[in-house]
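Welcome, and please open your viewer. Let us take a short walk through the model, one selection at a time.

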Amino acid sequence: MYKYTDFDAAFVANRNAQFRAQIARRIDGSLTEDEFKPLRLMNGLYLQLHAYMLRVAIPYGTLNAAQMRALADIADKYDKGYGHFTTRQNIQFNWPKLSDVADILDALARVEMHAIQTSGNTIRNVTADPFAGAAADEIADPRPIAELIRQWSTDHPEFQFLPRKFKFAVTGSPNDRAVTRAHDIGLRMITKNGQAGFEVIVGGGLGRTPVIGKTLRDFLPEADLLPYIEAIISTYNLLGRRDNKYKARIKITLQENGIDDFRARVEARFIDLHPTFEDVDQQILTTIKTAFAPPDFVQAPVTLYTEARTHDPVFRAWSDTNLSAHRADGYAIVTISLKAHGATPGDASSAKMRLIADLAEAYSDGEIRISPAQNIILPHVHKSTLPALHAALLRAGLATANIGLVSDIIACPGMDYCALATARSIPVAQAIATRFDTLEIEHDIGPLPLKISGCINACGHHHLGAIGILGLERAGVESYQITLGGDATETATIGTRAGRGFSADDILPAIERLIFAYLALRVEREETFLETYRRLDIAPFKTALYAQEEQTNAA
Amino acid sequence: MPPPYPPNVITANALINGDVVYQTRDDQWSETLAHAEIITDEAHAQIRLLDAQSQPEKVIGAYLAPIKTTPDGPVTTLFREYFRATGPSNYPHGKQESRHV
């Protein structure tokens with residue numbers, strides 16, 4: 001893992017001291033809220049519905065055991081004993097006191113973490129494939145690139161006041177687990193004639209105007225990356241609109257100017273910028289890469305694993321859903337579900353965080369990842385240790401076998417916490433997960449990404465759910481709109497709205513009708529919900545959602 | 001005659017812990033809606049709102065929120081205000097803690 005240099009440590013310490021003084025001046029009345037708000041947002045501190053919320057970056061989703069323990073300690077000492085992991089590989093604390101925030105940031109700095117640029121119109125936490133460095137399908141580990149972008153973007157003087165927030169995602173694999181097509185810039189590692197490089201995708205994003213990103217450059221050599229992305233953002237910084245918040249993201253800049261015009265400006269700027277980098281970026285990248293050397297993989301028999309699969313049906317069910325293919329023989333990538341049926345998606349108690357830290361040290365070379373699907377990943381587990389790991393997870397209530405299934409729901413905090421929300425998300429997720437667990441059919445239903453947002457800003461990625469749910473307010477009550485056919489992967493698609501919304505009481509029965517319709521419509525067990533939807537289009541699903549009520553109305 | 005001014009309370013978030021608070025008749029801030037001053041006169045509402053907004057060392061973002069008066073005291077009419085007055089629905093945290101302990 002990357003280790004802070006003296007420069008990094010001094011930078012974070014100085015920034016924390018600065019913010020500590022700003023907080024003190026807010027509390028003693030020297031700063032008004034209007035003066036303080038931009039300062040707190042630069043340091044990841046929001047004011048939500050019931051309390052402040054501190055968003056802490058987990059760069060490219062990678063944590064070591066000591067960092068996870070520090071997060072658990074913060075949760076106990078300064079919060080309510082838990083943290084909420086987000087789709088952008090951050091952790092959010094929902095109940096910090098303003099007077100404790102400087103101490104929390106110092107505690108984070110001791111384990112090389114911070115909350116800088118987790119809010120505001122800046123370049124946000126750089127996210128990456130959570131299987132980075134471990135995935136069998138990977139060209140190369142994308143995290144050195146993500147770390148290079150993190151260093152370049154942190155406190156970049158030109159990019160502290162962009163027209164709007166700016167999000168990067170990087171993947172080293174053709175199978176996109178980093179949602180790169182829904183980011184302001186998505187980078188997909190590719191090779192061309194033996195040369196390493198990137199497909200540069202620009203202008204993706206969700207929110208009130210969902211857009212799938214477009215390819216700005218189909219092949220950018222790795223050595224050109226930093227000057228090229230600096231060219232993109234400096235072009236956007238000048239061209240992007242500042243008169244209207246809803247038209248300020250780069251996706252709108254692209255729509256208004258056309259991708260060809262935007263590309264021409266970027267290429268011209270790139271020619272100017274490229275020589276100014278003097279290859280310093282490449283020298284830094286070479287150093288960074290050494291920090292991401294793979295662990296020493298061992299050769300050992302996997303008999304314990306195959307025996308457990310034969311004799312233990314609970315283990316077999318878990319290993320069917322929660323394991324992914326590793327690049328090294330005899331290893332697996334383990335996803336620990338934070339979606340126990342009825343629990344709040346993405347939440348982990350301090351006790352669970354500490355146990356995961358212990359298990360990472362015992363079984364995963366000390367490494368932990370946070371996934372954009374709000375789960376936790378142990379990336380390097382030898383298969384012979386999987387039965388012991390599973391037993392430990394089972395004892396702690398962390399062995400839910402539901403990765404990719406209907407109860408593995410992405411949900412934003414919604415009206416239960418968020419000041420922007422228009423409806424609740426968490427209770428809807430809890431009700432759906434509990435219902436399909438009771439019916440005991442989620443393994444039969446198979447892969448079904450279901451995503452819930454509590455407002456149009458789409459933090460719950462509802463547009464990208466095979467089933468998406470958007471919570472709105474209609475005439476003073478919660479109303480839930482369903483979208484269908486969304487896809488967050490390399491075949492990214494924005495879902496289509498099914499029709500009018502459902503009340504809080506009617507949304508669960510509607511989802512049930514939808515899923516039972518799918519079970520009746522699929523040609524074979526292997527045809528997923530999304531495949532069935534793509535084969536038949538929306539009509540039969542609309543019938544499932546609305547026909548009964550139309551008959552009632554007609555009667 | 002103009003229509004009667006609907007009952008309102010003044011609410012904000014407390015500076016230090018961010019909790020939802022309500023302005024009381026005696027210029028205090030309470031975490032309980034039942035303690036809020038119920039305002040039924042528009043001119044008085046504007047004066048009280050100015051009072052609230054001039055206390056940046058105590059509260060953030062003061063505004064008028066509509067309520068209904070009942071024999072059991074004021075109740076919220078907007079569901080956002082209901083959640084603010086009640087706390088989150090997934091854990092007994094925030095305002096529910098003091099009631100459950």
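Start by selecting Val170 and Leu187 of chain A: Leu187(A), in E8(A), is the bridge partner of Val170(A). Helices (H or I, at least four residues) and strands (E, at least two) are DSSP runs, numbered from the N terminus. A word before going on: this is a predicted model, where local features need pLDDT of at least 70, side-chain atom pairs count only at pLDDT 80 or more, and totals for chains, interfaces and linings use all residues. Residues are numbered from 1 along each chain as its sequence is written, chains are lettered from A and ligands numbered from 1 in the order in which they are written, and side-chain values use heavy atoms, leaving out hydrogens and water.

Now widen the selection to residues 168-171 and 185-192, strands E7 and E8 of chain A, which pair in the parallel sense over four bridges. (Pairing requires that DSSP finds at least two bridges between two strands.)

Next, add residues 195-202, strand E9 of chain A, which pairs with E8(A) in the antiparallel sense over eight bridges. Here Leu187(A) has Val200(A) as its bridge partner in E9(A). Two residues lie between the strands of this hairpin, and Asn193(A) takes a positive phi near 50 degrees.

Finally, select residues 6-27 and 33-42, helices H1 and H2 of chain A, which pack at an angle of about 155 degrees with their axes 10 Å apart. Axes are lines fitted to C-alpha atoms, for helices over the stretch in contact, and angles run from 0 to 180 degrees between N-to-C directions. H1(A) and H2(A) are therefore roughly antiparallel to each other (angles over 145 degrees count as such).

Definitions and conventions
Parallel < 35°, antiparallel > 145°, perpendicular 65-115°, else oblique.
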